[in-house]
Amino acid sequence: MMDYNAWQNALTPCQISRIKRNLTRWNSRQRHLVIPSWCNLQDTIMIRDSVVWEGERDLNSDVIIENGGTLHIKCRTSMPKNAQFLVMPEGQLILDHCWLHNSCGEEWEGIRIGDNGKTHGSVKILGEVSIENVKLTKDGRLD
């Protein structure tokens with residue numbers, strides 16, 4: 001690895017971004033080097049503003065899209081076992097040519113829509129979207 005400072009121990013933001021991209025890319029050679037800490041639910045991500053996800057992600061958290069928040073997903077996103085997207089009333093989830101799944105072979109809870117009687121959250125689908133590994137009820141419907 002090349003470095004241009006006197007101590008030769010610093011990484012540029014661009015180098016860090018490339019390393020992270022290669023470790024999270026589904027079919028990369030480097031992915032097997034990472035300990036899969038994303039398999040277990042540990043945290044919650046709160047979306048309060050307008051957020052766009054474009055790079056592949058392995059989450060270890062639930063995702064709550066709060067009132068007035070928008071999450072636009074344009075990438076592969078792995079959800080941990082028992083995690084869910086919760087779209088609160090007046091929140092919006094946009095799925096844009098993306099793949100939602102669990103990369104550990106487990107099931108996750110799927111997408112829940114909040115409703116307060118007057119308004120409800122919304123999910124908008126653009127293009128081809130794949131949602132896999134979601135828990136189903138005994139009659140084959142989404143839980």
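Colleague: Why does C98 count as buried?

Modeller: The relative accessibility of C98 is 4% in this predicted model. Buried means under 20%. The value falls under that cut-off, so C98 counts as buried.

Colleague: And what makes C75 buried or exposed?

Modeller: C75 has 5% relative accessibility. The cut-off for buried is under 20%, so C75 is buried.

Colleague: How do you know whether C75 and C98 are bonded or not bonded?

Modeller: The sulfur of C75 has its closest cysteine sulfur in C98, 7.3 Å away. A disulfide needs the two sulfur atoms within 2.5 Å. The gap is therefore too far for a bond. From the other side, C75 holds the closest cysteine sulfur to that of C98, and the verdict is again too far for a bond.

Colleague: Then which cysteines does a disulfide join?

Modeller: C39 and C104. Their sulfur atoms lie 1.9 Å apart, and the cut-off is within 2.5 Å, so the pair counts as a disulfide. By this rule the count is 1 disulfide. Such a link is a covalent bond between the sulfur atoms of two cysteines.

Colleague: What does the disulfide tie together?

Modeller: C39 sits in the loop between α1 and β1 (43–47). C104 sits in the loop between β9 (99–101) and β10 (110–113). The pair therefore ties together parts that are 65 residues apart in sequence.

Colleague: Why is the disulfide of C39 and C104 called left-handed?

Modeller: The torsion about its S-S bond is about -85°, so the disulfide is left-handed.

Colleague: Are C39 and C104 buried or exposed?

Modeller: C39 has a relative accessible area of 17%. That is under 20%, so C39 is buried. C104 comes to 26%. Partly exposed lies between the 20% and 50% cut-offs, so C104 counts as partly exposed.

Colleague: What makes β3 and β12 (130–131) edge strands?

Modeller: The open sheet has 4 strands in the order β3-β6-β9-β12, with parallel pairing. β3 and β12 each pair on one side only.

Colleague: How do you know that β6 (residues 76–78) pairs with β9?

Modeller: 3 bridges join β6 to β9. Pairing takes at least two bridges, so the strands pair. They run parallel. One of the bridges links T77 to L100 in β9.

Colleague: Which element gives the most to the lining of the largest pocket?

Modeller: α1, with 5 residues. The pocket has a volume of about 290 Å³. Of its 14 lining residues, the closest to the centre are K20, T24, G55, E56 and R57. The lining divides into 4 nonpolar, 4 polar and 6 charged residues.

Definitions and conventions
Residues numbered from 1 in each chain as written. Predicted model: local features only at pLDDT ≥ 70, side-chain atom pairs only at ≥ 80, totals over all residues. Heavy atoms only, no water. 1 Å grid on protein atoms, 1.4 Å probe; cavity = no way out; pocket = protein on both sides within 12 Å on 5 of 7 lines; lining within 4 Å. Points joined across faces, edges and corners; volume = space filled by probe spheres on them. Helix = DSSP H or I, 4+ residues; strand = E, 2+ residues; numbered from the N terminus. Nonpolar A, V, L, I, M, F, W, Y, C, P; charged D, E, K, R; others polar. Buried < 20%, exposed > 50% of the residue type's maximum accessible area, 1.4 Å probe, protein only.
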